[in-house]
Amino acid sequence: MGKTLAEKVWDAHVVRKGEGEGANAQPDLLFIDLHLVHEVTSPQAFEGLRLAGRPLRRVDLTIATEDHNTPTLDIDKPIADLTSRTQIEALRANCKEFGVRLHSLGDKEQGIVHVVGPQLGLTQPGMTVVCGDSHTSTHGAFGALAMGIGTSEVEHVMATQTLSLKPFKTMAINVEGTLRPGVTAKDIILAVIAKIGTGGGQGYVLEYRGSAIRALSMDARMTICNMSIEAGARAGMVAPDQTTYDYMRGRPHAPEGADWDAAVEYWNTLNTDVDATFDVEVDLDADTLEPFVTWGTNPGQGVSLSAKVPSPEDFGDENAKAAAERALQYMGLEAGTPMKDIRVDTVFLGSCTNSRIEDLRVAADIIRGREKDPNIRMLVVPGSARVRLEAEAEGLDKVFKDFGAEWRFAGCSMCLGMNPDQLEPGERCASTSNRNFEGRQGKGGRTHLVSPVVAAATAVRGTLSSPSDLESAAAGTLTGTAV
Amino acid sequence: MEAFTTHTGIGVPLRQSNVDTDQIIPAVYLKRITRTGFEDALFAAWRKDESFILNQAPFNAGSVLVAGPDFGTGSSREHAVWALKDYGFKAVLSSRFADIFRGNSGKQGLLAAQVAQDDIELIWKVLENHPGTEIKVDLVSKTVECGNVVAPFEIDDYTRWRLLEGLDDIGLTLQHEEDITAYEATRPSFKPKTLPAKVDAL
């Protein structure tokens, strides 16, 4: 019988097969090709190595950057928050002591760890990639098996370059059809999560397949794989194809010469065999998909933007009903309110989900020549210093600034508010990030997850809006690029 | 890691599904660089509400948390497990755990016991009707006992064995270092290395 993509990558990394069969089997020991490190989940792991007198086994397969705590303003000054500064300084000292490559704040390669890896060409098809961050699933867009790990596992990878893992089940997410203009990768993944639920992917590796996925750019595929964890799946994957290779070629760490040819030959084998079977298959129709937004406090609580805020009575399951009641109260929403009537205070364009160059481009295309709603605060936070440079070279910074948005330096920023970029209690945000949990973006803050184009249209109108709600402006035509 | 066989302590009913790791420990507490001292951070936002269960005696002295489905979703932060442990919890009961949270628990000796939702409902009733009732969690027999409710729980055999023995993962893996070295020798040359560092000129 054939193998799925996930099984092929898994099998190619088994250092030692676990003894036993079925439910009683011990985990396999898998080799890890790339370990990404940031300041929040690593200090205790480095400390563990130090206490045990263990070296970091493969510094040449490890790379660190600073992202969660870093300010997005005044980055040339010392970090004002003492605990944030301490954590950053701990990372710098640890990287120096153990010999780990580090891209610090101010460096051209600094940025959100999941933006940095791919743009350096370090994320490649068929690899195993881990990081002490649940959004490591992002790298699955290249056909890598990429997953978030806890700090104990970070220490384990540092010491052994391996992870003990039990095999996952496999789930195919089939997305067939053509997205309409204004409908994007973010809408696909929000719709998938609403369909299977925040626990639907638990224990599975998701493989996104179908014509709608094939038509997506790498930036868009990363958006989708990024939020696999929001469906409970530790990893999500897309089989590599010409789009992947075109993105890879010429990147600093992409293979060259004969190595490139050998790599492509291998990468071409990385797809699910026709006679392979998935444990579960889920279908989504791209043709009829509309822009999707969340109304509640978990990423599965989403609806089409044209719909209304649901009522707890709409949910059959008692737990879902109770969760909806609580969510509506926290979000300050009444059932039956059209989503498009919801007025927001802040628009956040950023995060490892949607802060890449294409995300900035499509948002800029919408606001160009239009005026921002005067009551809206809009933050634009590029995913990496390099994305920021690229955007500035294209003049996008000027478009955002002319519109009245704040053009910031790279980092995780308001996605989780570990730096000063936070919502005030009760403040409502249309956010291109990945989690609408209570207090995620700041204590008492209310988050609606949206795509970059919905974020941009919302900044114009002041209420949750899709690009099609905007009156046509001379320069503000939608490119229709599927991101 | 300390070995875990059985534990008996006050049960805390947390009638809520999708308890995500941002609720268990908000991000602002993740700036610490120590592995202990997170007890004040546990459910920090919810604990500001006086009616929250952990603000009520005898539940504030609880050590077995009984939560709704999909516990520990979201972020990979192991701090969530550290905070639960530092507060005094030895076990969490839920009908479904997020994968990363469950893995982190197993590494740190916090027992994540998967109990059927019907049994969770029964345990909730006992704990609410008789606050202070103790729950006995027995990893040897894979059962929980609370008042007149006795329920089985699921945990994978490997994690159970490691918990019972109190084994350190890294030590176990390094017993197979020869296998790792042998694997490393077979990796193709096209696989990338982070060193020496390469960057674009721009």
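Start with the contact between the two chains of this predicted model: select 71 residues from chain A and 55 residues from chain B, which together make up the contact. On the chain B side, the elements that give two or more residues are α1 (21-24), α4 (99-108), α6 (157-165), α7 (169-174) and α8 (177-185). Colour α4(B) separately, since we return to it below; with 6 residues, α4(B) gives the most to the side of chain B that touches chain A. Colouring that side by class shows 21 nonpolar, 15 polar and 19 charged residues.

Stay on chain B and add helix α3, residues 79-87. The axes of α3(B) and α4(B) lie 9 Å apart, and the two helices pack at an angle of about 50 degrees. Angles under 35 degrees count as roughly parallel and 65 to 115 as roughly perpendicular, so α3(B) and α4(B) are oblique to each other. Look along the line joining the two helices: the crossing of α3(B) over α4(B) is right-handed.

Now show side chains at this crossing. From α3(B), select B:Ala80, B:Val81, B:Trp82 and B:Lys85; they meet B:Phe101, B:Asn104, B:Ser105 and B:Gln108 of α4(B). By class, the residues of this contact are 4 nonpolar, 3 polar and 1 charged.

Next, select α8(B), one of the elements on the side of chain B that touches chain A, and keep it in view while turning to chain A. α8(B) lies across β1, β2 and β8 of chain A, and runs at about 150 degrees to β1(A).

Those strands are the next stop. They form an open sheet of 3 strands in chain A, in the order β1-β2-β8, and the pairing is antiparallel. Select β1 (14-16) and β8 (162-165) of chain A to see the edge strands, each of which pairs on one side only. From one strand to the next the twist averages 40 degrees.

Zoom in on β2(A), residues 28-31. Strand β2(A) runs antiparallel to β8(A), and 4 bridges join the two. For a reference point in this pair, pick A:Leu29, which stands opposite A:Ser164 in β8(A).

Finally, zoom out to the whole of chain A, which has 15 helices and 19 strands. Its radius of gyration is 22 Å, close to the 23 Å that the globule rule gives for 483 residues, so chain A is as compact as a globular protein of that length. Align the view to the principal axes: the C-alpha trace of chain A spans about 60 × 55 × 45 Å along them.

Notes:
Residues numbered from 1 in each chain as written. Chains lettered and ligands numbered in written order. Predicted model: local features only at pLDDT ≥ 70, side-chain atom pairs only at ≥ 80, totals over all residues. Contact = placed C-beta atoms within 7 Å. Nonpolar A, V, L, I, M, F, W, Y, C, P; charged D, E, K, R; others polar. Axes fitted to C-alpha atoms, helices over the stretch in contact; angles between N-to-C directions. Parallel < 35°, antiparallel > 145°, perpendicular 65-115°, else oblique. Left-handed = near helix turned anticlockwise from the far one by under 90°. Pairing = 2+ DSSP bridges. Rg over C-alpha atoms; globule rule 2.2 N^0.38 Å.
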